[in-house]
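I am opening the notebook on this entry and want to go through charge pairs, packing and empty space in turn. The entries below keep to what I looked up.

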Amino acid sequence: MNPIVRSGAAARAGALLILVGTLVSWVAEFITAAAWQDPPYSPLYNWVSHLGLTGPPQTAFGQVANSPLGAVMDTGWVIYGTLLIIGTFLVFDPCKGTRPIIVMSLAVLAGVGVSLVGIFQGSNANVDNGLIAFHTVGAQGVMLAGNIMAIAVGTGGTRIGLTRSRSIASTALGTAGLIAFPLFMTDVFTGWMWNIGLFERAVIYPIMIGHALLGSSVAATQRHRATHPPAPLTARAES
């Protein structure tokens with residue numbers, strides 16, 4: 001099947017950007033969560049986006065929020081979103097058909113979404129001034145677009161450079177994330193709020209793992225092509 005990704009240095013750089021952006025976000029999350037000690041941060045109970053709250057402690061969306069390194073998390077999200085968009089545009093070739101255009105469009109929606117989460121915090125102040133709308137739209141946008149992107153990448157994995165197992169994994173991750181999304185929203189809007197961090201991560205982590213699979217797979221494929229170039233047509237004809 002015809003590949004839908006570029007080749008050469010651009011594709012390798014793009015793949016690394018996608019992978020690095022994902023890792024930066026994860027590292028920022030772990031560092032920020034570790035700094036949150038009063039009360040201790042619980043990844044199952046606490047909102048993910050509360051990690052990005054800066055300023056004095058506050059009670060927002062039913063939880064006490066005290067994130068001393070909130071700016072680190074916000075920066076991580078903006079870097080993640082920016083590198084995802086740039087990396088995807090370097091990897092995929094829109095001239096190769098509809099699928100790369102779909103993947104690139106979903107990457108823009110996901111990248112802008114996660115960046116909005118970092119720029120517009122889920123704080124009481126933003127609830128009062130109306131800017132919380134940008135945070136909410138960004139969060140829900142990345143949750144939907146990111147998981148659909150994982151499915152689009154997985155179902156076209158052979159044309160991207162993913163192995164069969166990684167293609168299946170990407171599709172399964174995106175599907176799991178989409179299934180978890182309505183459960184998360186139900187937990188929020190019913191006011192039950194049971195282990196909100198667990199449900200939120202059930203939607204978010206499949207996206208991040210899918211991006212890590214995409215970036216690492218394309219980087220490995222491009223590296224292999226660079227070190228093992230195909231034989232010239234004349235040489236293959238003679239053999």
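Is glutamate 29 buried or exposed? I looked this up before anything else, keeping in mind that the model is a predicted one, and I found glutamate 29 buried, with a relative accessible area of 6%.

**Entry: charge pairs**

I then asked what glutamate 29 pairs with, and found its side chain in a salt bridge with that of arginine 201, at 3.0 Å from N to O. The two residues come from distant parts of the chain, since glutamate 29 sits in helix H1 (residues 9–35) and arginine 201 in helix H8 (residues 196–227), with their positions 172 residues apart. I checked the accessibility of the partner as well: arginine 201 has a relative accessibility of 9%, and because the cut-off for burial is under 20%, arginine 201 counts as buried.

How many salt bridges does the model hold? I count 2, and the other one I noted joins aspartate 93 to lysine 96, with 3.9 Å between the closest N and O atoms. Here I recorded a buried aspartate 93, at 14% relative accessible area, beside a partly exposed lysine 96, at 36%. As a general remark, side chains of opposite charge can pair when their charged atoms come close.

**Entry: the nonpolar core**

Next I went to the largest nonpolar core, which has 50 residues, and I listed the members that touch the most others: Val91, Phe92, Met149, Val153, Ile160, Phe184 and Leu214. The elements giving two or more residues to this core are H1, helix H2 (70–91), helix H3 (98–119), H5, H7 and H8, and I noted that H8 contributes the most, with 9 residues.

I picked phenylalanine 184 from that list for a closer look. Setting aside neighbours within four places in sequence, I found phenylalanine 184 in contact with Trp47, Met143, Ile196, Phe199, Glu200 and Val203.

**Entry: serine 167**

Which residues does serine 167 touch, not counting those up to four places away in sequence? I found Gly154, Gly157, Thr158 and Leu162. Serine 167 lies in helix H7 and is buried, with a relative accessible area of 7%. I also took down the C-alpha to C-alpha distance from serine 167 to glycine 154, which is 4.1 Å for two residues 13 apart in sequence.

**Entry: the largest pocket**

Turning to open space, I noted a volume of about 290 Å³ for the largest pocket. I counted 16 residues in its lining, and those nearest the centre of the pocket are Trp47, His135, Thr136, Gln140 and Val188. Two elements give two or more residues to this lining, namely helix H5 (132–155) and helix H7 (164–189), and H5 supplies the largest share, 6 residues. By class I wrote down 9 nonpolar, 6 polar and 1 charged residue for the pocket lining. Trp47, which is among the residues nearest the pocket centre, is also one of the contacts of phenylalanine 184.

**Entry: enclosed cavities**

How many cavities of 30 Å³ or more are there? I found 2, and the largest cavity holds about 200 Å³ of space. Its lining has 15 residues, with Val48, Trp77, Val114, Val142 and Ile204 nearest the centre. I noted that H1, H2, H3, H5 and H8 each supply at least two residues of this lining, while H8 gives the most, with 4. The lining of the largest cavity divides into 11 nonpolar, 2 polar and 2 charged residues.

The second largest cavity holds about 30 Å³, and I could list its lining in full as Met149, Ala150, Val153, Ser170, Ile207, Gly210, His211 and Leu214. H5 and H8 each supply at least two of these lining residues, and H8 again gives the most, with 4. I recorded 5 nonpolar, 3 polar and no charged residues here.

Comparing lists before closing, I saw that Met149, Val153 and Leu214 line the second largest cavity, and that these three are also among the core members that touch the most others.

Note on methods: Residues are numbered from 1 along each chain as its sequence is written. This is a predicted model: local features need pLDDT of at least 70, side-chain atom pairs count only at pLDDT 80 or more; totals for chains, interfaces and linings use all residues. Side-chain values use heavy atoms; hydrogens and water are left out. A salt bridge is a side-chain nitrogen of Lys or Arg within 4 Å of a carboxyl oxygen of Asp or Glu. Buried means under 20% relative accessible area, exposed over 50%, partly exposed in between (1.4 Å probe, protein chains only). On a 1 Å grid over the protein atoms alone, a cavity is a set of points where a 1.4 Å probe fits but cannot get out, and a pocket is an open set with protein on both sides within 12 Å along at least five of seven lines; lining residues have an atom within 4 Å of a point. Grid points are joined across faces, edges and corners, and a volume is the space filled by probe spheres set on the points. Ala, Val, Leu, Ile, Met, Phe, Trp, Tyr, Cys and Pro count as nonpolar, Asp, Glu, Lys and Arg as charged, and the others, Gly among them, as polar. A nonpolar core is a set of buried Ala, Val, Leu, Ile, Met, Phe, Trp, Tyr and Cys residues joined through side-chain atoms within 4.5 Å. Contact means heavy atoms within 4.5 Å.
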